[in-house]
Amino acid sequence: MTTTFTMINDGAELSESEQLTQQSVDAMEDFEVVEEQSVDYSQLDKNGFVNLLENQLAIAKNENAKPGDFKRVDEVLKEAKVFFDQIKKSEREEALQRFVAENDSEDGFEFKPDDLTQRFETLYRQIKDIKNHYFQDLEKSKDKNFALKTQLLQRLRELVDADEVNTKNPGTSWQEFKKIQDEWKAAGNIASPHNSTLWATYHALIDRYYSNRNIYFELKELDRKKNLQLKAELVEKVEAIAENLKEKSLGKAALEEANSLFEEYKHIGPGPKAEQELLWQRMKTALDSLYDARRAQSEEQKQVLAQNYEVKSKIYETLVPYTSFNSNSINEWNDKTKEVVALQEQWVSAKGQMLREEGRELSKKFWATLKTFFHNKGEFFRQLEAKREQNLKLKTELCEAVEAILATGEDNSSNTDKVIALQKQWKQIGQVPEKFKDSIFDRFKKACDAYFDRKRAKNSEVEKEFVENLAKKQAICAKIEAGAKPGEANLNDLNAFKSEWSSVGFVPKKDMQGINKRYIDAVNSYVSAIGKLSTKEKEQVILENEVAMATDGESIRSLQRKEGDIRRKMTQIENDLTIWQNNIEFFGRSKNGEKVRAEFEKKIIVAQKQLADLKHQLKILREAL
């Protein structure tokens, strides 16, 4: 609602001091008092914040609460909400980290606020509702006061106009005048910008009344002296507050008291002009000293807030690079998480507030950066979980493949090779989700074990035959070992032993290498006992025997090792021959050279014979391989 009215001038003007007073009043009403922060919110836990809001609720419910009280309560709510929300965020992030650590995923995560958090939110809303209702009622009251003061001005104008033409009943006029003054004083504030206009009109009409009422001049002077005395007392109280600044810093209670005294000063009527001007100058000087001190304190506080901002800015700058971190290692992510949590703890433990707007923006960026890191970490684990789900699908297919082979009831070599191939594929597939790790492995192992157990059970009869063959071959070895005596051993018996050995089937695999070695050793010993064979013939027979034994994988590997040994010996002999042949002429030119030369020529002949034998042995081996 907008109301307009015409300012009453009627030739009356405000004095210079009254104009200055009115300008100061307007300035004081627009001056925003910078509230000092007496509570260090960074030191409070959730219980402390709940107690803080309960105290603020008590202030808001107080019947004598003023707008200044609600403004201070609102400031406390704003600051407390920021810090309390940080605690909630921190608790939620910690709970999320624990949940992810336990479940490897954010799926199903739900964060429920505790009783203290719910109590804080309830108190916060309750105080906000009380404050909103208060200021709504206050605005309504201001509109009502505006209408009331407009009516009082109309009554006062009519009184002054009537008094100028009618002085027959001055007593009644005076009583009505004082009644209007009392009602004006009792009326509350009104909404700006009409306040200064109403005040100017009110004082102009009062001056007209006193100027036109010479009969009440003495009453006017008496009233003004009384007003002067009241104003002087208020000025002295404000000056006393300003004087205390020399001994201690300015507190918000002292500033509130000074503002309250100044409000009371404004509502007291005018005093003698000269003295009133002096009083106003004293009041202005005292108030200026208070606000100058307050501004100085604000500057000091800003420096402290700036230092706190600098400390937290460095923590934020350290945190920023973590948003670009990426790795395929769970351990590396966990290590980085510990570092990020340490930075978060540094941020929380950095005590003190920051500049309001800059600090709020920095806090917003810090928590957003922290959220980005944990989002990236969560994305990594989500992708990892998807990969593990794929691995579970692949391993499930392997289980089904083995189970299908098992269901055929056939355990031939082809199926065995398939099962072995499936086992190799299993080893190449990565991890599956933790909750399926044991169950899928047990399923695969159970199927494989069942296949091979059945295969082993089926081959038990074959294994029995292998054991009997082993006994036969052991008996043959024993006969060969017994016959390996000079004068008794001969090639015919040896060939008979070999034929008998070849007629016996397979032996158990675990005994194959042992019995073959015994047989070879027995034959070698028997050949050595045959006196009619030369050394070279014996070596050839032995080698041919070993080649004949190369019917299984282990013997083949043995021959391959023997081939390697022969080639190494050949290389060494060839190297020696090269050196001896290149240097033989040198020995002929030295003293006693002929004798040394003859010795080396013998060595060359022996080496050449050894090399020829080795080449013959290598040829036999190569034909077998």
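**Notebook: cores and a helix pair**

I began at Ile-480 in this predicted model and listed its contacts, leaving out residues up to four places away in sequence: Ile-480 touches Phe-497, Tyr-519, Ala-522, Val-523 and Tyr-526.

I then looked up the core around this residue, and found that the largest nonpolar core has 23 residues, among which Ile-480, Tyr-526 and Val-527 touch the most other members. Tracing where its residues come from, I noted that α14 (460–483), α15 (491–503), α16 (509–529) and α17 (535–548) each supply at least two of them, while the largest share, 8 residues, comes from α16.

Next I looked for another core, and I found a second, separate one of 21 residues, which includes Leu-96, Tyr-316, Leu-370 and Phe-374.

I turned after that to a helix pair, α2 (residues 46–61) and α3 (residues 67–103), which pack with their axes 10 Å apart and at an angle of about 160°. Because angles over 145 degrees count as roughly antiparallel, I entered α2 as roughly antiparallel to α3. I also recorded that the crossing of α2 and α3 is left-handed.

Which residues of the two helices meet? On the α2 side I listed Lys-46, Phe-49, Leu-52, Leu-53, Gln-56, Ile-59 and Ala-60, and on the α3 side Asp-69, Phe-70, Val-73, Val-76, Leu-77, Ala-80, Phe-83, Phe-84, Ile-87 and Glu-91. Sorted by class, the contact of α2 with α3 has 13 nonpolar, 1 polar and 3 charged residues.

How values were computed: Residues numbered from 1 in each chain as written. Predicted model: local features only at pLDDT ≥ 70, side-chain atom pairs only at ≥ 80, totals over all residues. Heavy atoms only, no water. Core = buried A, V, L, I, M, F, W, Y, C linked by side-chain atoms within 4.5 Å. Buried < 20%, exposed > 50% of the residue type's maximum accessible area, 1.4 Å probe, protein only. Helix = DSSP H or I, 4+ residues; strand = E, 2+ residues; numbered from the N terminus. Contact = heavy atoms within 4.5 Å. Axes fitted to C-alpha atoms, helices over the stretch in contact; angles between N-to-C directions. Parallel < 35°, antiparallel > 145°, perpendicular 65-115°, else oblique. Left-handed = near helix turned anticlockwise from the far one by under 90°. Nonpolar A, V, L, I, M, F, W, Y, C, P; charged D, E, K, R; others polar.
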